[in-house]
Amino acid sequence: MRGLDEHRAATLALATPLPTVEVHLLDALGLVLAEDVATPEALPRWDNSAMDGYAVRAADVAAARPDAPVRLRVVADLAAGSDDEPEVTPGAAARIMTGAPVPPGADAVVPVELTATAVTGGAWEPDEGAVLVREPVATGAHVRCAGDDAAAGDTVLRAGALVGPAHVAAAASVGRSTLVVHRRPRVAVVSTGDELVPPGEPLRRGQIPDSNSWLLAAAAREAGADVLRLGPERDDPAALHRLLRALDAGEHGAVDAIVTSGGVSAGAYDVVKAALADEPGVAFVPVAVQPGKPQGLGRLPGGTPVWTLPGNPVSSATSFEVFVRPALLRMRGLVDVERPRVPAVAADSWSTPVGRAQLMPVVRADPGADSGTRPGALASDGADPAAARSGDGRVAVRRATPRGSGSHLVARLAVAQGLAVIPAGVEQVRPGDSLEVFWT
Ligand SMILES: Nc1nc2c(c(=O)[nH]1)N[C@H]1C(S)=C(S)[C@@H](COP(=O)(O)OP(=O)(O)OC[C@H]3O[C@@H](n4cnc5c(N)ncnc54)[C@H](O)[C@@H]3O)O[C@H]1N2
Ligand code: MOO
């Protein structure tokens with residue numbers, strides 16, 4: 001049997017970053033940058049005021065006191081956006097608003113609160129032409145200097161970054177209206193099985209609603225892909241083969257990956273295995289993991305990578321999580337495609353299959369476990385972190401359901417907050433044992 005990590009490596013090897021496209025700023029949100037973005041100019045572009053007030057020469061107001069204010073001639077009124085460049089000579093000041101360029105000669109800004117005018121509290125009246133400064137300011141006070149944020153030529157965004165709101169803002173601030181990003185993968189999800197009917201339709205004995213195509217479509221979308229959801233497909237190998245070949249040939253629109261569920265174990269009607277048996281690029285391999293042992297992987301003749309996941313719903317879910325999700329993230333251009341694994345401590349005991357790693361759906365073992373919050377949020381969600389952590393800070397976890405990692409437990413899978421990864425060499429987990437968990 002192939003090891004869990006070995007199979008993860010094999011699936012990642014199928015994924016390369018997708019071609020790049022230039023998109024408008026908002027459309028870049030959630031995509032991965034494929035270029036470095038530099039600022040052609042310093043940011044800020046010029047010294048500007050951080051306060052509404054008066055641009056002055058600091059030396060002029062050094063002696064200002066509330067009971068002995070300094071009177072300055074007001075020579076200009078500079079709103080943000082003004083391109084005036086009035087010279088502030090000794091004894092002069094310019095009324096200035098936050099963001100307006102500091103005029104030549106001025107080296108500080110006096111906030112309006114530290115001043116009085118002839119018409120205090122009213123609009124500035126040019127005729128009055130003067131301001132009383134009641135306190136001194138240091139040279140440079142309330143001036144935001146050119147280049148504070150970035151020098152001309154500085155890289156402000158790096159290729160490989162996942163574009164979020166702050167990246168959009170940074171790009172806009174350097175004058176970009178578009179960004180070059182890796183395009184989003186389009187994934188076809190196909191469920192198989194004669195027993196399946198679309199959810200909501202009447203069921204006769206033996207039939208169940210198809211939940212995997214919905215699970216996998218949702219998971220793929222959550223991983224940043226566009227999804228073409230198909231199925232349930234009948235247990236007809238020739239028809240399924242035709243469908244998979246058509247997907248590979250782009251007959252349903254171009255797809256970057258195909259994910260199937262079901263029909264890959266040892267049964268008499270294992271349709272996916274039969275459909276792809278003669279495809280030289282696809283191999284079926286047992287992987288030493290529970291759930292998720294029967295796996296198929298490879299490329300169809302047109303080059304489309306295909307993952308054939310086992311049909312048991314929890315097996316499908318965990319297989320997507322550890323084998324497909326990282327590959328989709330890599331296609332999106334991300335370098336870091338693994339969820340961080342965090343140390344945890346078992347608050348529960350269970351046995352694990354001999355010779356296979358185990359992916360155990362878990363929940364926090366603290367009173368906040370039912371709240372739906374993730375352990376990563378513990379420090380700020382108001383729960384008492386001490387209640388959920390061991391003395392050394394590790395989060396305590398227990399199995400999400402008393403039946404543990406049973407691969408048919410689809411309805412209860414939603415209570416799980418993460419997966420504990422138990423190495424193949426461990427046969428029993430006991431309370432207090434160290435675990436590695438990734439939160440999903
Ligand atoms: N003799 C053996 N039998 C099985 C083995 C084995 O090694 N030898 N492996 C078991 C393991 S482990 C798994 S996992 C499953 C995988 O089976 P398949 O991938 O062939 O899946 P199916 O047989 O099609 O279905 C299994 C199970 O899951 C239900 N299912 C399937 N698709 C869906 C869906 N879209 N939505 C909801 N539920 C679905 C299906 O009805 C079955 O109950 O094989 C074991 N057997
Ligand atoms: O591998 Mo199966 O997925 O153990 O249930």
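## Ligand 2 and its surroundings

A polar contact is a pair of N or O atoms within 3.5 Å; within protein, one atom must be able to donate a hydrogen and the other to accept it, and residues adjacent in sequence count only if both atoms are side-chain atoms. The structure described here is a predicted model, in which local features need pLDDT of at least 70 and side-chain atom pairs count only at pLDDT 80 or more, while totals for chains, interfaces and linings use all residues. Residues are numbered from 1 along each chain as its sequence is written, chains are lettered from A and ligands numbered from 1 in the order in which they are written, and side-chain values use heavy atoms, with hydrogens and water left out.

Around ligand 2 stand Gln290, Pro291, Gly292, Lys293, Pro294, Asn312, Ser315, Arg356 and Ser407, a residue being near a molecule or strand if one of its heavy atoms lies within 4 Å of it. This shell consists of two nonpolar, five polar and two charged residues. Here Ala, Val, Leu, Ile, Met, Phe, Trp, Tyr, Cys and Pro count as nonpolar, Asp, Glu, Lys and Arg as charged, and the others, Gly among them, as polar. The backbone takes part in the contacts: a backbone N or O atom of Gly292 is 2.5 Å from an oxygen atom of ligand 2, and a polar backbone atom of Lys293 lies 2.6 Å from an oxygen atom of ligand 2. Ser315 contributes an N or O atom of its side chain, 2.4 Å from an oxygen atom of ligand 2.

## Ligand 1 and its surroundings

Ligand 1 is surrounded by 23 residues, of which the closest are Glu195, Asp210, Ser211, Val264 and Gly311. Glu195 places a polar side-chain atom 2.6 Å from an oxygen atom of ligand 1. Two backbone contacts may be added: a polar backbone atom of Gly311 lies 2.8 Å from an oxygen atom of ligand 1, and a polar backbone atom of Asn212 is 3.2 Å from a nitrogen atom of the ligand.

## Salt bridges

There are 14 salt bridges in the model, a salt bridge being a side-chain nitrogen of Lys or Arg within 4 Å of a carboxyl oxygen of Asp or Glu. One of them joins Glu35 to Arg176, with the closest N and O atoms 2.6 Å apart. Glu35 lies in the loop between β2 (32-33) and β3 (37-38) and Arg176 in the loop between α2 (165-173) and β13 (178-182), so the pair ties together parts that are 141 residues apart in sequence. Helices (H or I, at least four residues) and strands (E, at least two) are DSSP runs, numbered from the N terminus. Glu35 is buried, at 17% relative accessibility, whereas Arg176 is partly exposed at 25%; buried means under 20% relative accessible area, exposed over 50%, and partly exposed in between (1.4 Å probe, protein chains only).

Asp210, one of the closest residues to ligand 1, also forms a salt bridge, with Arg229 (4.0 Å, N to O). This pair links distant parts of the chain, with Asp210 in the loop between β16 (208-209) and α3 (212-222) and Arg229 in strand β17, 19 residues apart. Asp210 is buried, with a relative accessible area of 2%, while Arg229 is partly exposed at 26%. In addition, Asp5, Arg8 and Glu338 are linked in a network of salt bridges.

## Cavities

Rolling a probe the size of a water molecule over the atoms shows where empty space is left. On a 1 Å grid over the protein atoms alone, a cavity is a set of points where a 1.4 Å probe fits but cannot get out, and its lining residues have an atom within 4 Å of a point. Grid points are joined across faces, edges and corners, and a volume is the space filled by probe spheres set on the points. The structure has two cavities of 30 Å³ or more.

The largest cavity holds about 70 Å³ of space. Its lining comprises Arg8, Glu321, Val322, Arg325, Pro326, Val337, Glu338, Arg339, Arg341 and Phe438, and includes Arg8 and Glu338 of the salt-bridge network. Helix α6 (residues 313-331) supplies the largest share of this lining, four residues. By class, the lining has four nonpolar, no polar and six charged residues. The second largest cavity, of about 50 Å³, is lined by five nonpolar, three polar and one charged residue, among them Val314, Pro361 and Arg412.

Conventions
1 Å grid on protein atoms, 1.4 Å probe; cavity = no way out; pocket = protein on both sides within 12 Å on 5 of 7 lines; lining within 4 Å.
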